[in-house]
Amino acid sequence: LGYAGGEVPSTVSPFVHELMAILEPAEQLPMASQLLDSDGAACLQEFRSTMMLDDDEFGRFCEANNPVKTYMDPALERSPSKYVGFLRSLADSGMLTWTTSPKDRITPFFVKKKSGALRIVWDGRGVNTRFRPPPPMGLASGARWADVVVATDSEMYVAQADISNFFYYLGIPFELSEYFALPPIDIGLVR
């Protein structure tokens, strides 16, 4: 259902390994905090106190609300061998680290891109309940173009770029990543 309650077309597609848009392996991911201003970097480093509900707030939220049931691609959920292959692809691209102490979980599903490849979507609705609402942030809108002034004898150049999968190439603190763990697997399947 859409936001207005009516049916909307869906591009959710079942997992097919050969169609998954694979990320290029990265030697060393830059930490997201390195690309932020000092306030943003401090917020990310001190995420427990700046971004997350404290234990009492989260407890009250849990008592007042039903648990969130996240959606996982059925092909991965039903087939341990497909799921392990998916995890290996993520690990090979540098997107995945391993933990034995997850704090919460996200689940993968896929949507079809215009090219026919499958884009990974992470269902993080459950873990999102642990976080405070984000602070207000001033972002430019399309209306800001009306305020641009260019001198009569000058030229203005405009460019647009899409950095493919940009956010997958940013590292976050390991302690924060444990809140975004994938469903567990038997370690014997990975070896």
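Here is a short chat about a predicted model, going from a pair of strands to some aromatic rings and then to one threonine.

Reader: I'm looking at β2 and β3. In what sense do these strands pair, and over how many bridges?

Author: Strand β2 covers residues 107-112, and strand β3 covers residues 118-123. One bridge joins threonine 107 to its partner in β3, aspartate 123. The pairing is antiparallel, over 6 bridges.

Reader: Which residue in the turn of that hairpin has a positive phi?

Author: β2 and β3 form a hairpin, with 5 residues between them. In the turn, one residue has a positive phi of about 100°. That residue is glycine 116.

Reader: On to the rings. How many aromatic pairs does the structure hold, and why does the pair of tyrosine 83 and phenylalanine 86 get its label?

Author: The structure holds 8 aromatic pairs. For tyrosine 83 and phenylalanine 86, the ring centres are 6.5 Å apart and the planes sit at 25°. Planes under 30 degrees apart count as stacked, so the label for tyrosine 83 and phenylalanine 86 is stacked.

Reader: How far apart are tyrosine 83 and phenylalanine 86 along helix α5?

Author: Helix α5 runs over residues 80-92, and the two residues are 3 residues apart in it. Tyrosine 83 is buried at 4% relative accessibility, and phenylalanine 86 is buried at 0%. Along the helix, their separation is about one helical turn.

Reader: Phenylalanine 86 also pairs with phenylalanine 110. What kind of pair is that?

Author: Both phenylalanine 86 and phenylalanine 110 are buried. Phenylalanine 86 lies in helix α5 and phenylalanine 110 in strand β2, so their pair ties together parts that are 24 residues apart in sequence. The ring centres are 5.7 Å apart with the planes at 85°, so the pair is edge-to-face.

Reader: Which residues form one aromatic cluster with Phe86?

Author: Tyr83 and Phe110, the ring partners we just met, belong to the cluster. Beside Phe86, the full cluster has Phe15, Tyr83, Phe110 and Trp122.

Reader: Now for threonine 129. Is it buried or exposed?

Author: Threonine 129 is found in the loop between α6 (125-128) and α7 (174-177). Its relative accessible area is 17%. Buried means under 20%, so threonine 129 is buried.

Reader: Which residue's backbone oxygen lies 2.6 Å from a polar atom of threonine 129's side chain?

Author: Threonine 129 touches Leu53, Phe58, Phe61 and Val68, leaving aside residues up to four places away in sequence. The backbone oxygen at 2.6 Å from its side chain's polar atom belongs to glycine 126.

Conventions. Residues numbered from 1 in each chain as written. Predicted model: local features only at pLDDT ≥ 70, side-chain atom pairs only at ≥ 80, totals over all residues. Heavy atoms only, no water. Helix = DSSP H or I, 4+ residues; strand = E, 2+ residues; numbered from the N terminus. Buried < 20%, exposed > 50% of the residue type's maximum accessible area, 1.4 Å probe, protein only. Polar contact = N/O pair within 3.5 Å; in protein donor to acceptor, adjacent residues only side chain to side chain. Contact = heavy atoms within 4.5 Å. Pairing = 2+ DSSP bridges. Phe/Tyr/Trp six-rings, centres within 6.5 Å; stacked < 30°, edge-to-face > 60°.
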